[in-house]
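Work through the exercises below with the sequence and the structure at hand, and try each task before reading its solution.

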Amino acid sequence: MLSFSIFTVPLIIGYLLDLIFGDPRKLPHPIVAFGNIIGWCERHFNKGGHKKRNGCLIAIILPLSTLFLGGLLAWGSWILHPFAYYGIASVFVFYGLANHSLIQEGGEVIRTLEEQGLDAGRKRLSWIVGRDTSQLSPKKIYTAVLETMAENLSDGVVAPLFFYTLGGFPAMMAYKMVNTLDSMIGYKDARYKDFGCCSAHLDDVLNYIPARLTAFLIALSGYRKGIFSFIRKYARQHASPNSGYPESAMAGILDCRFGGPNIYHGMLVEKPYIGTHNRELSINDYKRAARINQTVCLSTVILICLVFIPLI
């Protein structure tokens, strides 16, 4: 029973905290610290003739250090008192989940677009996506929000919970370090092509199973006939080995079309289309996507609790 509670109690508390509060913007956040560390490493080591070697070392050392320090914190807090461990582990699960903030950020973009107009909507969208938003139409803004909600449902919800299952909050935080590395330096432009390639590949490897699990859970959460065939048809057409799975699942459920050309860091990127129904999108599509995100997050938590039942 004790082994079961060590994993499930922090998981449930952390999930409830994220459900109610979302990211605490005014409190210290480990992901912000990760970003500061990665930024310092990039400024000092992304130069000279050994960028690729330096980038690979950073991609290995930072996640392993995070895993080690997290394990040390978990062990030390348990030795201090089990309640100390439960509290610390719950906080880190809370910090590791991004479902509330993902839905909230998407909703704020939509509300800004509808209430303040196109230019304001474009500007607000630029806070959460990497593409150039300055010329996007309202339909493209909706598409970007829904794509982001689907992709980050894997990166920000299912994948962190997947690694929590494998190694508790230390493994969850180590994954978040890898994902933050990818989001900051995992690009193919001139500045990051060499330095960030190892981080990008490592992120692809770690997200292989979570991305496909996310697509499966999305499909179940909003099931419609032919959804699994739709996913098989379109998921592999995406440039990313993983992002196409949750995105195709969401596009199939919403019966809409994702993808197409966009500008990233000044470069035109021709993404293949996911789906063929090029219909207009509305706030109802966002609301349905938000319900799916909530369902997938809760389903993942329940599945993890079921996985740990043998420990009772």
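A salt bridge is a side-chain nitrogen of Lys or Arg within 4 Å of a carboxyl oxygen of Asp or Glu. The structure is a predicted model, in which local features need pLDDT of at least 70 and side-chain atom pairs count only at pLDDT 80 or more, while totals for chains, interfaces and linings use all residues. Residues are numbered from 1 along each chain as its sequence is written, and side-chain values use heavy atoms, with hydrogens and water left out.

**Exercise 1. Find which residues are linked with Arg124 in a network of salt bridges.**

Step 1. Start from the general idea that side chains of opposite charge can pair when their charged atoms come close.

Step 2. Look at Glu105, whose side chain meets that of Arg124 in a salt bridge with an N to O distance of 2.7 Å. Because Glu105 lies in helix α5 (residues 99-116) and Arg124 in helix α6 (residues 118-125), this pair ties together parts that are 19 residues apart in sequence. Helices are DSSP runs (H or I, at least four residues), as are strands (E, at least two), and they are numbered from the N terminus.

Step 3. Turn to Glu108, which also meets Arg124 in a salt bridge, here at 2.3 Å from N to O. This pair links helix α6, where Arg124 sits, with helix α5, where Glu108 sits, across 16 residues.

Step 4. Put the pairs together: Glu105, Glu108 and Arg124 are linked in a network of salt bridges.

**Exercise 2. Decide whether Glu105 and Arg124 are buried or exposed.**

Step 1. Recall the cut-offs: buried means under 20% relative accessible area, exposed means over 50%, and partly exposed lies in between (1.4 Å probe, protein chains only).

Step 2. Apply them: Glu105 counts as buried because its relative accessibility is 18%, and Arg124 counts as buried because its value is 7%.

**Exercise 3. Describe the salt bridge between Arg191 and Glu42, and say where its partners lie.**

Step 1. The side chains of Arg191 and Glu42 meet at 2.9 Å, N to O. The structure holds six salt bridges.

Step 2. Arg191 lies in the loop between α7 (138-185) and α8 (197-206), whereas Glu42 lies in helix α2 (residues 30-45), so that the pair links distant parts of the chain, 149 residues apart.

Step 3. The partners can be classified too: Arg191 is partly exposed, at 47% relative accessible area, while Glu42 is buried, at 8%.

**Exercise 4. Find how many disulfides the structure has, and examine Cys56.**

Step 1. A disulfide is a covalent bond between the sulfur atoms of two cysteines. In the search, a disulfide is a pair of cysteine sulfur atoms within 2.5 Å.

Step 2. The search of the whole structure finds zero disulfides. For Cys56, the nearest cysteine sulfur is that of Cys198, 3.5 Å away, and Cys56 is in no disulfide.

Step 3. Cys56 is partly exposed, with a relative accessibility of 25%, whereas Cys256 is buried, with a relative accessible area of 2%.

**Exercise 5. State what sign the phi of Asp255 has, and where this residue lies.**

Step 1. Most residues other than glycine have a negative phi.

Step 2. Asp255 has a positive phi of about 55°, although it is not a glycine.

Step 3. Asp255 is found in the loop between α11 (244-254) and β1 (258-264), and Asp255 is partly exposed, with a relative accessible area of 32%.
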